[in-house]
Amino acid sequence: MTFARIAGTGGYLPERVLTNKDLEQMVDTTDEWIRERSGIKRRHIAAEGENTSDMGVNAAKKAIEAADLDASEIDLIIVATTTPDKVFPSTACIVQRKLGLKTIPAFDVHAACSGFIYALDIANRFIATGGARTALIIGSETYSRILDWTDRSTCVLFGDGAGAVVLRASNEAGVFSTHIHSEGEFEELLHVPAGISSGYDVVQQEAAFIQMKGSEVFRKAVATLGSIARETLVGNNVEQDDIAWLVPHQANLRIITAAAKKLGLPMERVIVTVDEHANTSSASIPLALDVAIRDGRIKRGELLLFEAFGAGFTWGSALVRY
Ligand code: COA
């Protein structure tokens, strides 16, 4: 059997840090409110001219180096993003050019905050069926560009960044299973209303920014993450005690804590970066994974559970032996 195995990870955060104290100067909020309700202390903000592809390339270079391979061995690029550089071509094609890679398939996946799990699901299927041997998957987002910086209910929650993972075909266990879902009926609880087919003219007006019914999203996220975790454990005949680390999407510390509790996992076995990164959407899981691999918490051979929830709604999970 051929598995997709994590060969290397990389992360990138823009230089500029925006603290809760900084936000106190911008909207009617407090450091205390943001930390209590979300666990967030600071977030990184992309520089002017720094785009989703630039951040993705920076993360990818680190992942390629960590995987100890020549970039020319990559035969598939998938970029998960909801904040592409352009309407088209895909950000994946721009990343391909910037990495100097020729003619391999490259495409974007759009599943909001679940984007990385969707990309992992697709890359895993490519590798398992022999369609690729070395896949580069990237989650990269510049949410600072779709935030209304006068709306305190959303602008305090998000940040920019990118994470990347190189997956290689291997006989050794890697990705055991992926589970992805969506429920489009909840479209308007979390969305950026402006679009292409619905009219360019609204861009830069209110409809071009994130709008969210926070408490409804919160309730649905907690309930859904509990069921997706169960689905993964049952599907693989695995107990929660077998999981070394939960690497969840980093939206809100209260959502992460509630999901870990439902799963019966102590917070000591949960990777948390939301305090430092805020919600970086599809970049959050690969960024958190990279942080915990580089600081030595996640070790080779350990069993990891990824879980994500986002606009759509979309959600997903993956069980992976690192
Ligand atoms: N600073 C201070 N007060 C704020 C605020 C801010 N930044 N944002 C909202 N408030 C106020 C609200 O206006 C409200 O005031 P009111 O009671 O006078 O109307 C009050 O705080 C409580 O708002 P509420 O929405 O009930 O708070 P909450 O406990 O649900 O926390 C969120 C708000 C957004 C942090 C929380 O709902 C959440 O995290 N939701 C999920 C968001 C998310 O993760 N989305 C992405 C999913 S991928």
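How many bridges join strand β4 to β5, and do the two run parallel or antiparallel? Keep that in mind for the first close-up; all the views below come from a predicted model.

**View 1. Five strands line up in an open sheet.**
Reading across, the order is β1-β7-β6-β4-β5, and the pairing is mixed. At the edges you'll find β1 (3–12) and β5 (106–109); each has a single partner strand, so one side of each is left without a neighbour in the sheet. From one strand to the next, the twist averages 20°. Now for that opening question: strand β4 (residues 76–80) is joined to β5 by four bridges, and the two run parallel. To spot one pairing by eye, look for I78, whose bridge partner in β5 is F107.

**View 2. Helices α3 and α5 meet the five-stranded sheet.**
Helix α3 (residues 52–67) packs on this sheet and touches β1, β6 (134–142) and β7 (160–170). The direction of α3 makes about 125° with that of β1. Then there's α5, which lies across β1, β4, β5, β6 and β7. Check its direction against β4 and you get about 165°.

**View 3. Four strands make another open sheet.**
Here the order is β8-β13-β12-β11, again with mixed pairing. The edge strands are β8 (175–182) and β11 (245–248), and each of them pairs on one side only. Neighbouring strands in this sheet are turned by 10° against each other on average, if you ignore direction. Zoom in on β11 and you'll see it run parallel to β12 (residues 303–310), with four bridges joining them. One pair to look for is L246, which stands opposite L305 in β12.

**View 4. Helices α5 and α7 lie across three strands of the four-stranded sheet.**
You've already met α5 in View 2. Helix α5 (residues 115–128) also lies across β8, β12 and β13 (314–321), running at about 130° to β8. Helix α7 (residues 214–236) crosses β8, β12 and β13 too, and runs at about 145° to β12.

**View 5. The ligand sits in a shell of 23 residues.**
The closest ones are T29, R37, R152, G214 and N252. A polar side-chain atom of T29 lies 2.6 Å from a nitrogen atom of the ligand, while an N or O atom in the side chain of W33 is 3.5 Å from a ligand nitrogen. On the oxygen side of things, N252 has a side-chain N or O atom 2.5 Å from an oxygen atom of the ligand. Taken alone, the ligand exposes 970 Å², and the protein buries 71% of that.

Where does the shell come from? At least two residues each are supplied by α2 (31–38), α6 (152–155), α7, α8 (253–263) and β12. The biggest giver is α7, with four residues. Sort the shell by type and you get eleven nonpolar, eight polar and four charged residues.

**View 6. Three loops hold some backbone oddities.**
In the loop between β4 and α4 (91–99) you'll find P89. A cis peptide bond joins F88 to P89, with omega about 0°. Another cis bond links G312 and F313, where omega is about -5°; F313 belongs to the loop between β12 and β13. Last stop: A112, in the loop between β5 and α5. A112 isn't a glycine, yet its phi is positive, at about 50°.

Definitions and conventions: Residues are numbered from 1 along each chain as its sequence is written. This is a predicted model: local features need pLDDT of at least 70, side-chain atom pairs count only at pLDDT 80 or more; totals for chains, interfaces and linings use all residues. Side-chain values use heavy atoms; hydrogens and water are left out. Two strands pair if DSSP finds at least two bridges between them. Axes are lines fitted to C-alpha atoms, for helices over the stretch in contact, and angles run from 0 to 180 degrees between N-to-C directions. Contact means heavy atoms within 4.5 Å. A residue is near a molecule or strand if one of its heavy atoms lies within 4 Å of it. A polar contact is a pair of N or O atoms within 3.5 Å; within protein, one must be able to donate a hydrogen and the other to accept it, and residues adjacent in sequence count only if both atoms are side-chain atoms. Accessible areas come from the Shrake-Rupley method with a 1.4 Å probe; for residues, only the protein chains shown count as cover. Ala, Val, Leu, Ile, Met, Phe, Trp, Tyr, Cys and Pro count as nonpolar, Asp, Glu, Lys and Arg as charged, and the others, Gly among them, as polar.
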